[in-house]
Amino acid sequence: MVADPESPKPTVRLLSYGPDGVDEQTLDGPEQLAGKVGKKAVTWIDVDGLGDAHAIETIGKVLGLHPLALEDAVNQWQRPKVDEYPENLFVVVRMASHGERIETEQLALFIGVGFVATFQSERPGDCLDPVRKRIRVGQGRIRSEGPDYLAYAIIDAVIDNYFPVMDTFGERIEVLEDELVQGPVRNGVERIQRAKQDLLVLRRSLVPLRDAVNALVRDEARFIQPGTRLYLRDCYDHAAQLLDVVGNHRELVGGLMELHLSGVSNRMNEVMKFLTLVSTIFIPLTFIAGIYGMNFDPARSPWNMPELEWRYGYPAVMGVMALIAAATVLYFKRKGWLAPTR
Amino acid sequence: MVADPESPKPTVRLLSYGPDGVDEQTLDGPEQLAGKVGKKAVTWIDVDGLGDAHAIETIGKVLGLHPLALEDAVNQWQRPKVDEYPENLFVVVRMASHGERIETEQLALFIGVGFVATFQSERPGDCLDPVRKRIRVGQGRIRSEGPDYLAYAIIDAVIDNYFPVMDTFGERIEVLEDELVQGPVRNGVERIQRAKQDLLVLRRSLVPLRDAVNALVRDEARFIQPGTRLYLRDCYDHAAQLLDVVGNHRELVGGLMELHLSGVSNRMNEVMKFLTLVSTIFIPLTFIAGIYGMNFDPARSPWNMPELEWRYGYPAVMGVMALIAAATVLYFKRKGWLAPTR
Amino acid sequence: MVADPESPKPTVRLLSYGPDGVDEQTLDGPEQLAGKVGKKAVTWIDVDGLGDAHAIETIGKVLGLHPLALEDAVNQWQRPKVDEYPENLFVVVRMASHGERIETEQLALFIGVGFVATFQSERPGDCLDPVRKRIRVGQGRIRSEGPDYLAYAIIDAVIDNYFPVMDTFGERIEVLEDELVQGPVRNGVERIQRAKQDLLVLRRSLVPLRDAVNALVRDEARFIQPGTRLYLRDCYDHAAQLLDVVGNHRELVGGLMELHLSGVSNRMNEVMKFLTLVSTIFIPLTFIAGIYGMNFDPARSPWNMPELEWRYGYPAVMGVMALIAAATVLYFKRKGWLAPTR
Amino acid sequence: MVADPESPKPTVRLLSYGPDGVDEQTLDGPEQLAGKVGKKAVTWIDVDGLGDAHAIETIGKVLGLHPLALEDAVNQWQRPKVDEYPENLFVVVRMASHGERIETEQLALFIGVGFVATFQSERPGDCLDPVRKRIRVGQGRIRSEGPDYLAYAIIDAVIDNYFPVMDTFGERIEVLEDELVQGPVRNGVERIQRAKQDLLVLRRSLVPLRDAVNALVRDEARFIQPGTRLYLRDCYDHAAQLLDVVGNHRELVGGLMELHLSGVSNRMNEVMKFLTLVSTIFIPLTFIAGIYGMNFDPARSPWNMPELEWRYGYPAVMGVMALIAAATVLYFKRKGWLAPTR
Amino acid sequence: MVADPESPKPTVRLLSYGPDGVDEQTLDGPEQLAGKVGKKAVTWIDVDGLGDAHAIETIGKVLGLHPLALEDAVNQWQRPKVDEYPENLFVVVRMASHGERIETEQLALFIGVGFVATFQSERPGDCLDPVRKRIRVGQGRIRSEGPDYLAYAIIDAVIDNYFPVMDTFGERIEVLEDELVQGPVRNGVERIQRAKQDLLVLRRSLVPLRDAVNALVRDEARFIQPGTRLYLRDCYDHAAQLLDVVGNHRELVGGLMELHLSGVSNRMNEVMKFLTLVSTIFIPLTFIAGIYGMNFDPARSPWNMPELEWRYGYPAVMGVMALIAAATVLYFKRKGWLAPTR
């Protein structure tokens, strides 16, 4: 097994509980784990940091985890899934967070007899802390239920954590939309692409996550009590709902691209219309000025530019030019070419 | 359980009925509910307003509703679904309305032994009033059937209410289409996007709604009598039909985008063609005028612009210019560039 | 039940037949129907016009039709479907016709013991007339088979009638394609959109129609004899084939849009190339003419435009201009900008 | 039954064989067929030409073919399918050929007890000839197997014949791609559309063909021996592989459209950049020349264009113009507008 | 059977092993294979080169391979699949490599009693070498397991080898993206098309590969032990994960096209804006200069261009021109037309 070189050394925290009370303990080394499971109804072995292959293997041996599953737990790029092994149930889920971009982190769960073991490369405090708190204060049914209910509570916390991520993302694309409605935005295409990719990241976590939860609900998995299935079904509904929102956001982001393109072409069109207006007004006028700049000699022939010698030649030409300019502007107005197209 | 802070305090209305008569009552508090169910064949507990968690929990305890389902009933962003619990059947549907935009509101139903309980955040008078009226006047079979038929009647009313929403939407996009056929429309892209999003809202309500109704028809749900399934099948057909219309409208709205883009590019093309026409007529003429504006001195050499001294120099040049302009216009006509492209 | 206000009052025609003969009769009122069914092996009750709710209800009561099904039969916007009721089988199909546009009309069938009842809002003579004729002249097996075979014959006639509709449509888009290959067409986008919508209308009728026929083939419907299933399978094949053609036409119409857009952009490009050619030829020439129109005084300095005083100044400048113009045209030719892009 | 008016009169060839030998015979009329089937282990009745309804019906009666199937065999626009009848198995496949365009021709097979009958409108020598040859020379297992193996051999030959068609098509689009990479191609859109339509023709033949072969592999069809299923599974793999290639070609052809559009817009952009370069160089220069063409009288005022009287006025203006032109070209180079965009 | 003419003559290597040891041997000819299988627990017959039909057939006869499967093994364009034959299990997979482009090579496996035979046209050293090494050094469980585990190890090695290929591809499109963000790229469309086609190649290998592995996991194939299925399930997960990445890359490449198009249109827009700026500044100025270049004679009439005789005529006109130019630039700035659109 190859450890994750970017992950710190594992810290192992135990949280044992039953209807009668709670025991918390941080182990000095993985070998101390032996004999700890089974003292209370449920023991949650919480392994943070996957940087030491030997330590992970020791934990796996003590708990009787299958080497294939353990390898998947350490490999940080698994897709969410449920694998049933003879000795325990292995579940991979992904936790989402939204910093600059949306990112997901893997959480591997083993559900065995009397214990749940979780493996993650770093401790994402906030996402599972509500579960720990519920155990400590004995809130709800969690203290009187088995490891399958603990697993449900963890998965539920992971899924519920997608909702604020989704909200942050929703605000982000709303801000972008508001900017795009004003006109073309700097780096518009890149920002829209990034939003699309973030949705892909979410989708790629959520679709198999939903399917994994569904497998837990439907399969005749030995490690899940029928009563807990009811709760997992609720998890499934939430995951399906999240996917609905992802689908919705996808369409919104697709619409942003259209808005951006329409804004760019719009500005271009306005520029071109301005060019056309200026050109078509002045080109004929310049031509007229050019005519009276010709050097045909009126002295040689009465046919040669007699206008140049008329008393009102100049004002008349200026008047004709003004008329032509006015007619052009009027033509543009009539055609509706001066109104903004957007 | 967290109450919906934007929702008013709950009002609880009872509508108990059987073949023998109807009792209507508005409760002063949720605790009055105890002992009310079972006096008549069917009791409809109609809870409007979800702003008081304690009151909702009291109602749930009296009726024996599962806490998970109750939480979903209060959470206003569920997707339509059917969940079977040991004690009752939980159904979520969404009611549509079309004001400025299309919006949907959640309606949660519990079908239990001898009662149907509905939860909604505000009272949407018109949508369920026809059902209440049918109960009061004893129209149709409703008074002689059980709670499953009442649930059917409610779901049917919800689905039927989508049809006028769809009609309003259809008129809205027809108006937009008529405008777009005339030419580019102000805020065209945004209006088309909004129509697309409204269709998404409808689709996201209707697809799971149809699936939920289908689950009611097919599943061996204990709370639905075989005779009622026949009616629910009819509901299913209506939902499927609504989705057909949504699909159709989607294509229509997609066509509007093409119409808009074609209109914008069309106007642009007309502007450019006008520019081209004006430019290509006057640019050569201005050049000719420029030639005869050169100061080569005819006095110095017989080769230097003798035209300037000809008797008919000026009219000849004017004639040539007229000919060139006419030829250009003719060329444009021949090429068909003066005809509108649309 | 609400009658269709746009439909005329119902006319009820009876066509009773068996191996021994045929009886035809037009009823004066729906109540005359009682006792008419069962005298011959098969009775076809053909109801045209749905404008009288009471009359329809009377017919329904006499024949034992379920109120839900009867309501669907009168409501003209059902999608094709098969619903089995205890007393009979209810089938909805849609008949297509191609006038200016493609339109579909609903035909509802009830298959009961000894009868087939059809409901439609107007009599579409040609589509079912071949069936009536086959019964009257005793052609084929129809007179010796039961009501299920009659139902097959009617559905087959409805489906076969889509083929000429499809042919007319095919010709229509071929005409449009031929025009578009020539260049942009007036109202091109609208005509293509209309063709797309017509295909949607066909698709929305044919997909559920095919599924309904498939349900008749596969389901263990009591009202269809095994021998008739063989014939219905043939109907199914035809419907599947029609959908293939619709899919094909869809791609063709999509191609028309590309053809149209390419034609429009092509014409625009030609216009722009013409503008560019004219501009880039004359702009430099006009500049040169402008230079020799400057009023620098050759008398003041030998450096001031001595060309003006040269003997061959004017012809030399004209020659240079001709050279520049020729070089520009050559450059355009070399670049291939004068060849049509299409 | 309506015969195909464009098809010649049927020619009926018999090819009877068994492990012991081969008999070949061309019948003078369809009625001679009686008593011919059953003398050898397998008889292949090969009917070419469908232009005589009576003859086809006679053949059908002798062989016990179902009228519905016979009608499908004569109708040349069936989609590939498998229909099981009590007396025999009816299979429709389509043979492809690539002349100017890709075309498909129908081949209908009946597999009965001791015989295979094939119907086609014209004899497509090359496609089935290898099968005939294998029978004549007794190559492989064909002479020792039953009619189901013959049917397999025929279907296999039909499917294998798609591979050279696909190769020809592949070369055709490679040629087109090479041309498009050079720049826009005459009739590019039409040629791409035609390629797309040809792929549709292939797809519409291959998808149902694959499904039909799959049905033969999986269904418990009485007329196919288990040993032959193994061979048909191989046919299925080939059909699936062909569809992969069709899918691939579809993407390639879609890419051609993008290439074409990019080429067209590219050329346009080059034209526009040339116009811009020429215009922006000469427009300011022409303006400067225009200034010094003004007729302000230097004699009247020292402020009036004193440059005209300077000794180096003309060369200085020419130098300034050259500088401006050089600066413009430099600006274009800096901006990268002179590099080709492709 | 037709040999692959482009493939070298086959080299046959044997690798026999069991818990007790390993035997390696390269055969001089295929006929030496007889009697070699069965001496150790597992024999891996590794055939490299498919250029000799007779040799392949000999190997097939010795091992009891079905001719149909053997033909598929030699034909280099099979899609991945699993075919069960009575005597053995036939699996086709494709190995990927990334040189200039992504390419795949076929590997055919037969899993029989006591042996695995692999056929490939050339020896791709690195991909299967890790498996050979594990056998030689006795690493892991491979030496104590049967042929099904060897087959798993080979398939696993093939699938794992897609990951570095994917990484190389990922870097390639990242490089392209970085270039495209800078602006239009030479041959951009072609490079994007090639990336798309490479993804298609991957997809077409991976989708059936995943399905084939899934078939091995699920089917009741006699040649796979239940214990090995657990490992194959892991293979399936990896293949599914690879397809996720392919899907992701597909979206990224689609985004590159948009980036490219946006870059091209952007550059075009900048060019056009520059043209418009230059034109609209100088066209009015040139017109004014043209006016004062007219030859109306101020001497003839006080109305004829008295400005020409004013003391400050020239500086005033120059000032007016400067004002107009400044106003135009200001107008452009106000409109935001000078800011880059990207």
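Okay, one term before we start: when I say two chains touch, or are in contact, I mean they have heavy atoms within 4.5 Å. And keep in mind that what you're looking at is a predicted model.

With that in hand, take chain C and chain E. These two do not touch, and their nearest C-alpha atoms are 9 Å apart. Chain A and chain D give a similar story: no contact joins them, and their closest C-alpha atoms lie 9 Å apart.

So how are the copies arranged? Turn chain E by 72°, with a shift of 0.0 Å along the axis, and you can lay it on chain A with an RMSD of 0.1 Å. That means the two copies are related as by a five-fold rotation axis. Who sits by that axis in chain E? The C-alpha nearest to the axis belongs to Gly293(E), 4.5 Å away from it. And the surfaces the copies use are different: of the contact residues of chain E, 13% recur in chain A.

Now let's zoom in on one chain. Chain A is built with eight helices and seven strands. For its 342 residues, a compact globule would come out with a radius of gyration near 20 Å, but chain A has 36 Å. You can see that in the box its C-alpha atoms fill, roughly 125 × 40 × 30 Å along the principal axes.

How much of chain A is buried? Buried residues account for 58% of the 342. As for contacts within the chain, if you take those between residues at least 6 apart in sequence, 66% join residues at least 24 apart. On the outside, the accessible surface of chain A is about 14,000 Å², and carbon and sulfur atoms own 53% of that. Charges, quickly: 38 positive and 46 negative side chains in chain A, with the centres of the two sets 5 Å apart.

Last stop, one residue I'd like you to click on: Asn304(C). Where is it? Look in the loop of chain C that runs between helix H7 (226-291) and helix H8 (313-335). Is Asn304(C) buried or exposed? Buried, with a relative accessible area of 0%. And which residues does Asn304(C) touch? Leaving out anything up to four places away in sequence, its contacts in its own chain are Phe296(C), Asp297(C) and Pro298(C). From chain D, Asn304(C) touches Leu308(D), Trp310(D), Arg311(D), Gly313(D), Tyr314(D) and Pro315(D). So this loop residue of chain C has neighbours in chain D as well as in chain C, and its relative accessible area is 0%.

That's my tour, thanks.

Note on methods:
Residues numbered from 1 in each chain as written. Chains lettered and ligands numbered in written order. Predicted model: local features only at pLDDT ≥ 70, side-chain atom pairs only at ≥ 80, totals over all residues. Heavy atoms only, no water. Least-squares fit on C-alpha atoms with pLDDT ≥ 70 in both. Helix = DSSP H or I, 4+ residues; strand = E, 2+ residues; numbered from the N terminus. Rg over C-alpha atoms; globule rule 2.2 N^0.38 Å. Buried < 20%, exposed > 50% of the residue type's maximum accessible area, 1.4 Å probe, protein only. Areas by Shrake-Rupley, 256 points an atom, 1.4 Å probe, with all protein chains shown as cover. Lys, Arg positive; Asp, Glu negative; His and termini not counted. Charge placed at Lys NZ, Arg CZ, Asp CG, Glu CD.
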